[in-house]
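Me: Got a minute to walk through this one with me? I'd like to get the fold straight before I do anything else.

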Amino acid sequence: MSTPTSTLELSTISLAQLYALLQSITVPNTSPNAKFANWSRTFTCSPLAIFEPATELQCELILELARREGKVVRAVGVGHSPSDLACTTGYMLRTTKLDRLLEVHADKRYIIAQAGITLDALHAELANHGLAMINVGSISDQTLGGIVTTATHGTGINYGVISTHVMGLSLLLADGSRVFCSRQERPDLFTASICGLGSTGLILTVTLEVEPAFRLKEVQQTIQFHECVRSLDSLVTASEHVRFWWFPAADTMRVSSADRTVEPTKPAGSWLWHSLIGFHVVQFLLFVARFILPLNIFIGRFASWLVSTKVIAIDDSFRIFNMECRYPQHTTEWAIPYENTKACLHDLHDWLMREFSDPNGLRPHFPIEVRFSDSDDIWLSPSNGQKTCWIGIVQFKPYGFEVPYKMLFERFEAILCRHGGRPHWAKAHHLRPETLRRLYPRFDDFTRVLESVDPRGMFRNEYVERHIFGKTGPGYHNRVFKRHAPSR
(Lines give C-alpha, C1' and ligand atoms only; values in the text may rest on other atoms or scores of the structure.)
Protein backbone atom coordinates (compact mmCIF):
# COMPACT_ATOMS: atom_id res chain seq x y z
CA MET A 1 0.00 0.00 0.00
CA SER A 2 1.40 3.40 -0.99
CA THR A 3 0.18 6.88 -0.09
CA PRO A 4 1.66 9.50 -2.45
CA THR A 5 -0.79 12.33 -1.75
CA SER A 6 1.54 14.15 0.64
CA THR A 7 4.14 14.35 -2.13
CA LEU A 8 1.69 16.23 -4.35
CA GLU A 9 0.93 18.72 -1.58
CA LEU A 10 4.55 19.24 -0.56
CA SER A 11 5.58 19.94 -4.14
CA THR A 12 3.58 23.17 -4.01
CA ILE A 13 5.63 24.53 -1.09
CA SER A 14 8.41 26.94 -2.05
CA LEU A 15 11.99 26.31 -0.97
CA ALA A 16 11.86 29.34 1.31
CA GLN A 17 8.73 27.96 2.97
CA LEU A 18 10.40 24.60 3.42
CA TYR A 19 13.33 26.20 5.23
CA ALA A 20 10.92 28.14 7.44
CA LEU A 21 8.89 25.05 8.29
CA LEU A 22 12.04 23.12 9.22
CA GLN A 23 13.68 25.86 11.25
CA SER A 24 12.11 24.81 14.57
CA ILE A 25 13.47 21.25 14.26
CA THR A 26 16.92 22.19 12.93
CA VAL A 27 19.79 22.01 15.42
CA PRO A 28 21.56 25.43 15.35
CA ASN A 29 25.06 25.35 13.88
CA THR A 30 26.37 26.93 17.08
CA SER A 31 25.02 24.09 19.23
CA PRO A 32 27.36 21.32 20.44
CA ASN A 33 24.69 18.94 19.13
CA ALA A 34 25.29 20.15 15.56
CA LYS A 35 28.01 17.51 15.35
CA PHE A 36 27.52 13.78 15.70
CA ALA A 37 29.70 11.33 17.60
CA ASN A 38 28.83 7.73 18.31
CA TRP A 39 28.57 6.41 21.86
CA SER A 40 32.17 5.20 22.07
CA ARG A 41 33.48 8.43 20.52
CA THR A 42 35.28 6.49 17.80
CA PHE A 43 33.50 8.05 14.80
CA THR A 44 32.31 11.60 14.33
CA CYS A 45 30.87 13.76 11.56
CA SER A 46 29.57 17.26 10.86
CA PRO A 47 26.38 16.89 8.82
CA LEU A 48 25.17 19.67 6.56
CA ALA A 49 22.23 19.99 8.94
CA ILE A 50 20.75 17.93 11.77
CA PHE A 51 16.97 17.70 12.09
CA GLU A 52 15.02 16.43 15.09
CA PRO A 53 11.49 15.76 13.85
CA ALA A 54 8.67 14.92 16.22
CA THR A 55 6.01 14.13 13.58
CA GLU A 56 5.80 12.16 10.37
CA LEU A 57 4.91 15.34 8.48
CA GLN A 58 8.20 16.88 9.57
CA CYS A 59 9.98 13.77 8.24
CA GLU A 60 8.21 14.28 4.91
CA LEU A 61 9.39 17.89 4.83
CA ILE A 62 13.00 16.82 5.40
CA LEU A 63 12.81 14.32 2.55
CA GLU A 64 11.20 16.92 0.30
CA LEU A 65 14.09 19.30 0.97
CA ALA A 66 16.64 16.57 0.32
CA ARG A 67 14.97 15.66 -2.99
CA ARG A 68 15.08 19.22 -4.21
CA GLU A 69 18.68 19.78 -3.16
CA GLY A 70 19.96 16.33 -4.14
CA LYS A 71 21.21 15.58 -0.63
CA VAL A 72 21.60 12.36 1.33
CA VAL A 73 19.41 11.84 4.41
CA ARG A 74 20.76 9.62 7.19
CA ALA A 75 18.53 8.50 10.04
CA VAL A 76 20.22 8.01 13.40
CA GLY A 77 18.93 7.03 16.81
CA VAL A 78 21.07 6.87 19.93
CA GLY A 79 24.25 6.42 17.88
CA HIS A 80 25.48 3.31 19.66
CA SER A 81 26.91 1.63 16.55
CA PRO A 82 30.72 1.35 16.88
CA SER A 83 31.21 2.28 13.21
CA ASP A 84 30.42 5.08 10.78
CA LEU A 85 27.08 3.47 9.87
CA ALA A 86 25.24 6.59 11.08
CA CYS A 87 27.70 9.18 9.74
CA THR A 88 27.03 11.48 6.81
CA THR A 89 28.11 14.74 5.23
CA GLY A 90 24.52 15.27 4.11
CA TYR A 91 21.40 15.71 6.24
CA MET A 92 21.04 13.80 9.51
CA LEU A 93 17.59 12.94 10.85
CA ARG A 94 17.55 12.09 14.54
CA THR A 95 14.64 9.79 15.33
CA THR A 96 14.72 10.04 19.12
CA LYS A 97 11.57 12.23 19.28
CA LEU A 98 9.64 9.67 17.24
CA ASP A 99 9.46 7.49 20.31
CA ARG A 100 5.89 6.45 21.06
CA LEU A 101 4.25 3.08 21.55
CA LEU A 102 1.26 3.45 19.25
CA GLU A 103 -0.74 0.24 19.55
CA VAL A 104 -0.81 -2.76 21.87
CA HIS A 105 -2.51 -6.01 20.87
CA ALA A 106 -1.79 -8.22 23.86
CA ASP A 107 -4.25 -10.91 22.77
CA LYS A 108 -2.52 -11.26 19.40
CA ARG A 109 0.96 -10.75 20.86
CA TYR A 110 2.14 -7.81 18.82
CA ILE A 111 2.65 -4.08 19.20
CA ILE A 112 3.23 -1.14 16.88
CA ALA A 113 5.83 1.41 17.93
CA GLN A 114 7.62 4.33 16.35
CA ALA A 115 11.12 3.46 15.21
CA GLY A 116 12.81 6.02 17.45
CA ILE A 117 11.69 4.49 20.74
CA THR A 118 14.61 3.14 22.74
CA LEU A 119 14.51 -0.43 23.97
CA ASP A 120 14.80 0.86 27.53
CA ALA A 121 11.58 2.82 27.05
CA LEU A 122 9.92 -0.02 25.16
CA HIS A 123 10.66 -2.50 27.98
CA ALA A 124 8.93 -0.18 30.46
CA GLU A 125 5.93 0.36 28.17
CA LEU A 126 5.56 -3.36 27.47
CA ALA A 127 5.80 -4.20 31.19
CA ASN A 128 2.83 -1.92 31.83
CA HIS A 129 0.82 -4.19 29.52
CA GLY A 130 2.23 -7.47 30.85
CA LEU A 131 4.35 -8.02 27.74
CA ALA A 132 8.03 -8.35 26.83
CA MET A 133 10.31 -8.65 23.84
CA ILE A 134 11.06 -12.27 22.91
CA ASN A 135 14.82 -11.78 22.90
CA VAL A 136 17.12 -8.82 23.58
CA GLY A 137 20.78 -8.09 22.94
CA SER A 138 23.38 -7.08 25.49
CA ILE A 139 22.25 -3.43 25.62
CA SER A 140 18.93 -1.58 25.46
CA ASP A 141 20.29 1.93 24.98
CA GLN A 142 19.47 1.79 21.28
CA THR A 143 16.41 2.46 19.16
CA LEU A 144 13.99 -0.10 17.81
CA GLY A 145 14.61 1.09 14.26
CA GLY A 146 18.36 0.78 14.75
CA ILE A 147 18.28 -2.83 15.90
CA VAL A 148 15.89 -3.79 13.08
CA THR A 149 17.90 -2.26 10.27
CA THR A 150 21.13 -3.97 11.42
CA ALA A 151 19.63 -7.38 12.36
CA THR A 152 20.92 -6.98 15.90
CA HIS A 153 20.86 -10.21 17.90
CA GLY A 154 20.57 -11.58 21.39
CA THR A 155 21.56 -15.14 22.15
CA GLY A 156 19.86 -18.52 21.93
CA ILE A 157 20.59 -21.20 19.36
CA ASN A 158 16.85 -21.56 18.65
CA TYR A 159 16.14 -17.82 18.62
CA GLY A 160 16.62 -15.72 15.51
CA VAL A 161 18.02 -12.21 15.31
CA ILE A 162 15.58 -9.60 16.59
CA SER A 163 14.54 -8.71 13.04
CA THR A 164 12.88 -12.14 12.77
CA HIS A 165 10.28 -10.88 15.24
CA VAL A 166 9.31 -7.96 13.01
CA MET A 167 5.90 -8.47 11.40
CA GLY A 168 5.64 -5.25 9.42
CA LEU A 169 7.16 -1.83 8.75
CA SER A 170 5.86 1.51 7.61
CA LEU A 171 8.42 3.46 5.60
CA LEU A 172 8.84 6.82 3.96
CA LEU A 173 10.43 6.16 0.60
CA ALA A 174 12.75 8.46 -1.30
CA ASP A 175 9.88 9.65 -3.53
CA GLY A 176 7.93 10.79 -0.45
CA SER A 177 5.38 7.97 -0.47
CA ARG A 178 4.44 6.22 2.76
CA VAL A 179 4.28 2.45 2.35
CA PHE A 180 3.60 -0.56 4.52
CA CYS A 181 5.49 -3.79 3.95
CA SER A 182 5.43 -7.24 5.49
CA ARG A 183 6.01 -10.82 4.44
CA GLN A 184 2.62 -10.68 2.68
CA GLU A 185 2.70 -7.14 1.32
CA ARG A 186 5.72 -5.92 -0.69
CA PRO A 187 7.75 -8.86 0.70
CA ASP A 188 10.97 -7.97 -1.15
CA LEU A 189 11.01 -4.48 0.32
CA PHE A 190 10.25 -5.94 3.74
CA THR A 191 13.02 -8.56 3.61
CA ALA A 192 15.48 -5.94 2.40
CA SER A 193 14.46 -3.45 5.10
CA ILE A 194 14.67 -5.68 8.19
CA CYS A 195 18.40 -5.69 7.66
CA GLY A 196 18.61 -2.74 5.30
CA LEU A 197 21.25 -0.52 6.94
CA GLY A 198 18.78 2.37 6.74
CA SER A 199 19.08 2.42 2.96
CA THR A 200 15.64 1.34 1.78
CA GLY A 201 13.73 4.23 3.32
CA LEU A 202 12.98 5.96 6.60
CA ILE A 203 11.42 3.50 9.04
CA LEU A 204 8.46 5.20 10.72
CA THR A 205 6.84 2.35 12.65
CA VAL A 206 7.65 -1.25 13.52
CA THR A 207 5.06 -3.96 14.06
CA LEU A 208 6.80 -6.30 16.49
CA GLU A 209 5.89 -9.74 17.79
CA VAL A 210 6.09 -9.92 21.59
CA GLU A 211 5.16 -12.39 24.30
CA PRO A 212 3.69 -12.27 27.81
CA ALA A 213 6.15 -10.78 30.29
CA PHE A 214 8.48 -13.40 31.72
CA ARG A 215 11.34 -13.84 34.11
CA LEU A 216 14.61 -15.58 33.36
CA LYS A 217 16.65 -17.72 35.70
CA GLU A 218 20.31 -17.27 34.86
CA VAL A 219 23.15 -19.41 36.11
CA GLN A 220 26.67 -18.06 35.64
CA GLN A 221 29.73 -20.17 36.35
CA THR A 222 33.35 -20.22 35.26
CA ILE A 223 34.97 -23.23 33.61
CA GLN A 224 38.23 -23.84 31.78
CA PHE A 225 38.38 -22.87 28.10
CA HIS A 226 39.08 -26.37 26.78
CA GLU A 227 36.34 -27.89 28.92
CA CYS A 228 33.89 -25.38 27.45
CA VAL A 229 34.88 -26.12 23.86
CA ARG A 230 34.75 -29.90 24.40
CA SER A 231 31.23 -29.58 25.81
CA LEU A 232 30.12 -26.86 23.40
CA ASP A 233 27.08 -28.59 21.88
CA SER A 234 25.67 -29.76 25.21
CA LEU A 235 26.23 -26.35 26.82
CA VAL A 236 24.67 -24.38 23.96
CA THR A 237 21.55 -26.58 23.81
CA ALA A 238 21.10 -27.07 27.57
CA SER A 239 19.28 -23.74 28.04
CA GLU A 240 17.21 -21.34 25.97
CA HIS A 241 19.72 -18.49 26.07
CA VAL A 242 23.42 -19.30 26.40
CA ARG A 243 26.44 -17.05 26.02
CA PHE A 244 30.08 -17.19 27.01
CA TRP A 245 32.52 -14.55 28.17
CA TRP A 246 36.06 -15.69 27.43
CA PHE A 247 39.00 -14.38 29.47
CA PRO A 248 42.00 -15.50 27.37
CA ALA A 249 44.65 -14.40 29.86
CA ALA A 250 43.10 -16.69 32.49
CA ASP A 251 42.15 -19.40 29.97
CA THR A 252 38.61 -19.42 31.38
CA MET A 253 35.08 -19.16 30.05
CA ARG A 254 32.27 -17.57 32.02
CA VAL A 255 29.15 -19.51 30.98
CA SER A 256 25.75 -17.83 31.23
CA SER A 257 22.71 -20.11 30.86
CA ALA A 258 19.21 -18.61 31.12
CA ASP A 259 15.74 -20.12 30.92
CA ARG A 260 12.19 -18.86 31.41
CA THR A 261 10.89 -19.44 34.93
CA VAL A 262 7.94 -18.71 37.20
CA GLU A 263 10.16 -18.54 40.28
CA PRO A 264 10.08 -15.26 42.22
CA THR A 265 12.54 -12.49 41.47
CA LYS A 266 15.98 -12.90 43.01
CA PRO A 267 18.40 -10.30 41.56
CA ALA A 268 22.02 -11.22 41.96
CA GLY A 269 25.45 -10.49 40.57
CA SER A 270 29.11 -10.50 41.37
CA TRP A 271 29.45 -7.86 44.05
CA LEU A 272 33.13 -7.28 43.31
CA TRP A 273 32.62 -6.90 39.55
CA HIS A 274 29.56 -4.67 39.77
CA SER A 275 30.74 -2.57 42.70
CA LEU A 276 32.27 0.85 42.28
CA ILE A 277 35.56 -0.62 43.47
CA GLY A 278 35.58 -3.18 40.69
CA PHE A 279 34.57 -0.63 38.08
CA HIS A 280 37.14 1.99 38.98
CA VAL A 281 40.02 -0.34 39.85
CA VAL A 282 39.73 -2.14 36.52
CA GLN A 283 39.50 1.10 34.58
CA PHE A 284 42.55 2.53 36.36
CA LEU A 285 44.54 -0.63 35.65
CA LEU A 286 43.53 -0.49 31.98
CA PHE A 287 44.72 3.10 31.87
CA VAL A 288 48.10 2.18 33.36
CA ALA A 289 48.37 -0.71 30.90
CA ARG A 290 48.38 1.82 28.05
CA PHE A 291 51.98 2.46 29.10
CA ILE A 292 52.85 -1.00 30.46
CA LEU A 293 51.27 -3.37 27.94
CA PRO A 294 52.17 -6.66 29.73
CA LEU A 295 49.95 -5.50 32.60
CA ASN A 296 46.95 -6.39 30.45
CA ILE A 297 47.60 -10.10 31.09
CA PHE A 298 47.39 -9.55 34.85
CA ILE A 299 44.24 -7.43 34.46
CA GLY A 300 42.56 -10.17 32.41
CA ARG A 301 43.30 -12.72 35.13
CA PHE A 302 42.16 -10.29 37.82
CA ALA A 303 38.86 -9.63 36.00
CA SER A 304 38.28 -13.36 35.58
CA TRP A 305 38.81 -13.82 39.31
CA LEU A 306 36.35 -11.03 40.10
CA VAL A 307 33.55 -12.96 38.39
CA SER A 308 34.67 -16.49 39.21
CA THR A 309 32.00 -17.39 41.76
CA LYS A 310 28.85 -19.19 40.71
CA VAL A 311 25.89 -16.84 40.54
CA ILE A 312 22.18 -17.57 40.19
CA ALA A 313 19.84 -14.70 39.35
CA ILE A 314 16.11 -14.50 38.64
CA ASP A 315 14.79 -11.27 37.19
CA ASP A 316 12.69 -9.65 34.47
CA SER A 317 13.82 -10.92 31.09
CA PHE A 318 15.43 -7.74 29.79
CA ARG A 319 17.42 -7.27 32.98
CA ILE A 320 19.01 -10.68 32.50
CA PHE A 321 19.52 -10.21 28.76
CA ASN A 322 21.26 -6.86 29.23
CA MET A 323 24.78 -6.31 30.49
CA GLU A 324 26.77 -3.19 31.23
CA CYS A 325 29.11 -2.01 28.47
CA ARG A 326 31.24 -0.45 31.22
CA TYR A 327 33.68 1.76 29.29
CA PRO A 328 33.86 3.38 25.83
CA GLN A 329 35.48 0.90 23.50
CA HIS A 330 36.59 -0.27 20.10
CA THR A 331 34.86 -3.49 19.15
CA THR A 332 34.32 -5.84 16.25
CA GLU A 333 32.02 -8.85 16.01
CA TRP A 334 31.67 -11.55 13.39
CA ALA A 335 29.19 -14.35 12.76
CA ILE A 336 30.34 -17.80 11.67
CA PRO A 337 28.39 -20.99 10.83
CA TYR A 338 27.72 -22.76 14.11
CA GLU A 339 29.40 -25.94 12.89
CA ASN A 340 32.69 -24.00 12.62
CA THR A 341 32.59 -22.78 16.22
CA LYS A 342 34.91 -25.31 17.83
CA ALA A 343 37.57 -25.03 15.14
CA CYS A 344 37.40 -21.24 15.17
CA LEU A 345 37.69 -21.01 18.96
CA HIS A 346 40.69 -23.34 18.89
CA ASP A 347 42.35 -21.19 16.21
CA LEU A 348 41.69 -18.03 18.20
CA HIS A 349 43.06 -19.68 21.33
CA ASP A 350 46.25 -20.81 19.57
CA TRP A 351 46.76 -17.32 18.15
CA LEU A 352 46.27 -15.58 21.51
CA MET A 353 48.59 -17.99 23.30
CA ARG A 354 51.26 -17.13 20.71
CA GLU A 355 50.68 -13.43 21.37
CA PHE A 356 50.97 -13.93 25.14
CA SER A 357 54.20 -15.93 24.82
CA ASP A 358 55.79 -13.26 22.62
CA PRO A 359 57.37 -10.44 24.69
CA ASN A 360 56.35 -8.05 21.91
CA GLY A 361 52.98 -9.69 21.25
CA LEU A 362 49.57 -8.04 21.33
CA ARG A 363 47.82 -7.69 24.67
CA PRO A 364 44.04 -7.84 24.20
CA HIS A 365 41.43 -6.75 26.68
CA PHE A 366 38.55 -8.95 27.85
CA PRO A 367 36.17 -10.59 27.66
CA ILE A 368 35.61 -12.07 24.21
CA GLU A 369 31.84 -12.51 23.98
CA VAL A 370 30.43 -15.62 22.31
CA ARG A 371 26.72 -15.81 21.46
CA PHE A 372 24.41 -17.85 19.26
CA SER A 373 21.39 -17.43 17.00
CA ASP A 374 19.11 -19.50 14.81
CA SER A 375 19.13 -19.39 11.02
CA ASP A 376 16.86 -17.03 9.09
CA ASP A 377 15.99 -15.99 5.55
CA ILE A 378 16.72 -12.25 5.81
CA TRP A 379 18.84 -11.30 2.82
CA LEU A 380 21.65 -9.46 4.63
CA SER A 381 21.33 -11.07 8.05
CA PRO A 382 24.63 -12.64 9.15
CA SER A 383 22.50 -15.62 10.24
CA ASN A 384 21.01 -16.03 6.77
CA GLY A 385 20.75 -19.73 6.00
CA GLN A 386 22.78 -20.93 8.99
CA LYS A 387 22.68 -21.41 12.71
CA THR A 388 25.26 -18.96 13.90
CA CYS A 389 27.95 -18.32 16.47
CA TRP A 390 28.79 -14.67 17.07
CA ILE A 391 32.25 -13.83 18.41
CA GLY A 392 33.08 -10.30 19.48
CA ILE A 393 36.33 -8.77 20.73
CA VAL A 394 36.78 -5.47 22.54
CA GLN A 395 39.46 -2.95 23.42
CA PHE A 396 38.36 -0.55 26.16
CA LYS A 397 39.19 3.16 26.16
CA PRO A 398 39.88 3.90 29.85
CA TYR A 399 38.76 7.42 30.71
CA GLY A 400 38.23 7.91 26.98
CA PHE A 401 41.92 7.52 26.10
CA GLU A 402 42.99 5.62 23.00
CA VAL A 403 44.44 2.10 23.11
CA PRO A 404 46.08 -0.08 20.44
CA TYR A 405 43.48 -2.12 18.59
CA LYS A 406 43.94 -2.05 14.81
CA MET A 407 46.47 -4.87 14.42
CA LEU A 408 44.60 -6.94 17.02
CA PHE A 409 41.34 -6.62 15.11
CA GLU A 410 43.00 -7.38 11.78
CA ARG A 411 44.43 -10.65 13.07
CA PHE A 412 41.17 -11.54 14.79
CA GLU A 413 39.14 -10.85 11.65
CA ALA A 414 41.52 -12.86 9.47
CA ILE A 415 40.79 -15.94 11.58
CA LEU A 416 37.04 -15.34 11.54
CA CYS A 417 37.11 -14.89 7.75
CA ARG A 418 38.81 -18.27 7.35
CA HIS A 419 35.85 -19.82 9.12
CA GLY A 420 33.20 -18.18 6.93
CA GLY A 421 32.82 -15.03 9.01
CA ARG A 422 30.23 -12.38 8.23
CA PRO A 423 30.60 -9.01 9.99
CA HIS A 424 28.01 -7.49 12.29
CA TRP A 425 26.63 -4.66 10.14
CA ALA A 426 26.63 -2.10 12.97
CA LYS A 427 30.35 -2.58 13.58
CA ALA A 428 33.30 -1.42 11.51
CA HIS A 429 34.60 -3.93 8.97
CA HIS A 430 36.63 -4.00 5.75
CA LEU A 431 34.46 -6.10 3.40
CA ARG A 432 33.37 -4.77 0.02
CA PRO A 433 30.70 -5.90 -2.48
CA GLU A 434 32.86 -8.50 -4.23
CA THR A 435 33.32 -10.37 -0.93
CA LEU A 436 29.86 -9.71 0.49
CA ARG A 437 28.29 -11.05 -2.69
CA ARG A 438 29.98 -14.42 -2.05
CA LEU A 439 28.84 -14.45 1.58
CA TYR A 440 25.23 -13.44 0.93
CA PRO A 441 23.38 -15.34 -1.85
CA ARG A 442 20.68 -12.65 -2.03
CA PHE A 443 23.07 -9.68 -2.08
CA ASP A 444 22.11 -8.73 -5.65
CA ASP A 445 18.42 -8.93 -4.76
CA PHE A 446 19.09 -6.44 -2.01
CA THR A 447 20.81 -3.95 -4.31
CA ARG A 448 18.02 -4.45 -6.87
CA VAL A 449 15.47 -3.31 -4.27
CA LEU A 450 17.61 -0.28 -3.41
CA GLU A 451 17.84 0.73 -7.07
CA SER A 452 14.08 0.34 -7.37
CA VAL A 453 12.95 2.35 -4.32
CA ASP A 454 15.82 4.86 -4.20
CA PRO A 455 17.40 5.19 -7.66
CA ARG A 456 19.07 8.51 -6.80
CA GLY A 457 20.57 7.23 -3.55
CA MET A 458 18.90 9.58 -1.06
CA PHE A 459 19.44 7.10 1.78
CA ARG A 460 22.95 5.99 0.80
CA ASN A 461 25.54 7.48 3.10
CA GLU A 462 29.25 6.84 2.80
CA TYR A 463 29.01 3.51 4.66
CA VAL A 464 26.37 2.16 2.28
CA GLU A 465 28.13 3.48 -0.83
CA ARG A 466 31.41 1.92 0.34
CA HIS A 467 30.26 -1.52 1.47
CA ILE A 468 27.20 -2.12 -0.72
CA PHE A 469 28.06 -0.28 -3.93
CA GLY A 470 31.87 -0.40 -3.74
CA LYS A 471 32.59 3.30 -4.07
CA THR A 472 36.19 4.28 -3.43
CA GLY A 473 38.16 7.46 -2.93
CA PRO A 474 39.01 9.77 -0.05
CA GLY A 475 35.35 10.50 0.72
CA TYR A 476 34.48 6.82 1.06
CA HIS A 477 37.46 5.41 2.92
CA ASN A 478 36.50 3.39 5.99
CA ARG A 479 38.35 5.87 8.22
CA VAL A 480 36.90 9.04 6.71
CA PHE A 481 34.88 9.67 9.88
CA LYS A 482 37.38 8.17 12.32
CA ARG A 483 37.90 10.45 15.26
CA HIS A 484 41.54 9.63 15.93
CA ALA A 485 44.61 8.78 13.91
CA PRO A 486 45.19 5.11 13.09
CA SER A 487 46.25 2.95 16.00
CA ARG A 488 48.66 0.07 15.76
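Me: How do helix 13 and helix 14 run, roughly parallel or roughly antiparallel to each other?

Reply: First, keep in mind that this is a predicted model. The axes of helix 13 and helix 14 cross at roughly 150° and come within 9 Å. Angles over 145 degrees count as roughly antiparallel, so helix 13 and helix 14 are roughly antiparallel.

Me: And is that crossing of helix 13 and helix 14 left-handed or right-handed?

Reply: Right-handed for helix 13 and helix 14.

Me: Which residues make the contact there?

Reply: Helix 13 brings Cys344, Asp347, Leu348, Trp351 and Glu355. From helix 14 you get Leu408, Arg411, Phe412, Ile415, Leu416 and Arg418.

Me: How many of the residues in the contact of helix 13 with helix 14 are charged?

Reply: There are 4 charged ones, next to 7 nonpolar and no polar.

Me: OK, sheets. What's the strand order in the one with 8 strands?

Reply: That open sheet goes 16-13-15-14-18-19-17-20, with antiparallel pairing. Strand 16 (311-316) and strand 20 (422-423) are the edge strands, each pairing on one side only.

Me: How many bridges hold strand 17 and strand 20 together?

Reply: Strand 17, residues 329-337, pairs with strand 20 over 2 bridges, in the antiparallel sense. For a specific pair, Ala335 has Arg422 of strand 20 as its bridge partner.

Me: Which strands does helix 14 touch when it packs on that sheet?

Reply: Helix 14 (residues 406-418) touches strand 17 and strand 19 (388-396). The direction of helix 14 makes about 10° with that of strand 17.

Me: Any odd backbone geometry I should look at? Where's the cis peptide bond, for instance?

Reply: A cis peptide bond sits between Phe366 and Pro367, with omega about -15°. Pro367 is in the loop between helix 13 (341-357) and strand 18 (368-373).

Me: What about phi? Which residue has a positive phi although it's not a glycine?

Reply: Look at Arg186, where phi is about 50°. You'll find Arg186 in the loop that lies between strand 11 (178-182) and helix 6 (187-193).

Me: Switching topic: where does UniProt put the FAD-binding PCMH-type domain?

Reply: The unreviewed UniProt entry places that domain at residues 43-213. Over residues 43-213, the chain is 22% helix and 29% strand, and the end C-alpha atoms are 37 Å apart.

Me: Then there's the sheet of 3 strands. What's its order, and is the pairing parallel or antiparallel?

Reply: The order is 4-6-5, and the pairing in this open sheet is parallel. Its edge strands are strand 4 (49-51) and strand 5 (73-76). Direction ignored, neighbouring strands of this sheet are turned by 25° against each other on average.

Me: How many bridges join strand 5 to strand 6?

Reply: 4 bridges, with strand 6 covering residues 91-94. Leu93 in strand 6 is the bridge partner of Ala75.

Me: And what does helix 3 touch on that sheet?

Reply: Helix 3 (residues 56-69) packs on the sheet and touches strand 4, strand 5 and strand 6. The direction of helix 3 makes about 170° with that of strand 6.

Me: How do the axes of helix 2 and helix 3 cross?

Reply: At roughly 140°, coming within 10 Å, with helix 2 spanning residues 15-22. So helix 2 is oblique to helix 3. The crossing of helix 2 and helix 3 is left-handed.

Me: What's in the contact between them?

Reply: Helix 2 contributes Leu15, Leu18, Tyr19, Leu21 and Leu22. Helix 3's residues in the contact include Gln58, Leu61, Ile62 and Arg68. The contact of helix 2 with helix 3 divides into 8 nonpolar, 1 polar and 3 charged residues.

Me: Last pair: what about helix 10 and helix 11?

Reply: Helix 10 (residues 276-288) and helix 11 (residues 295-306) have axes that cross at roughly 165° and come within 9 Å. That crossing angle makes helix 10 roughly antiparallel to helix 11. The crossing of helix 10 and helix 11 is left-handed.

Me: How many charged residues are in the contact of helix 10 with helix 11?

Reply: No charged ones: the contact of helix 10 with helix 11 has 10 nonpolar residues and 1 polar. Among the residues making it are Val281 and Leu285 of helix 10, and Asn296 and Phe302 of helix 11.

Definitions and conventions: Residues are numbered from 1 along each chain as its sequence is written. This is a predicted model: local features need pLDDT of at least 70, side-chain atom pairs count only at pLDDT 80 or more; totals for chains, interfaces and linings use all residues. Side-chain values use heavy atoms; hydrogens and water are left out. UniProt positions are given in the numbering used here, feature names are shortened, and annotations may be inferred rather than shown by experiment. Two strands pair if DSSP finds at least two bridges between them. Contact means heavy atoms within 4.5 Å. Axes are lines fitted to C-alpha atoms, for helices over the stretch in contact, and angles run from 0 to 180 degrees between N-to-C directions. Angles under 35 degrees count as roughly parallel, over 145 as roughly antiparallel, 65 to 115 as roughly perpendicular and the rest as oblique. A crossing is left-handed if the near helix is turned anticlockwise from the far one by less than a right angle, and right-handed if clockwise. Ala, Val, Leu, Ile, Met, Phe, Trp, Tyr, Cys and Pro count as nonpolar, Asp, Glu, Lys and Arg as charged, and the others, Gly among them, as polar.
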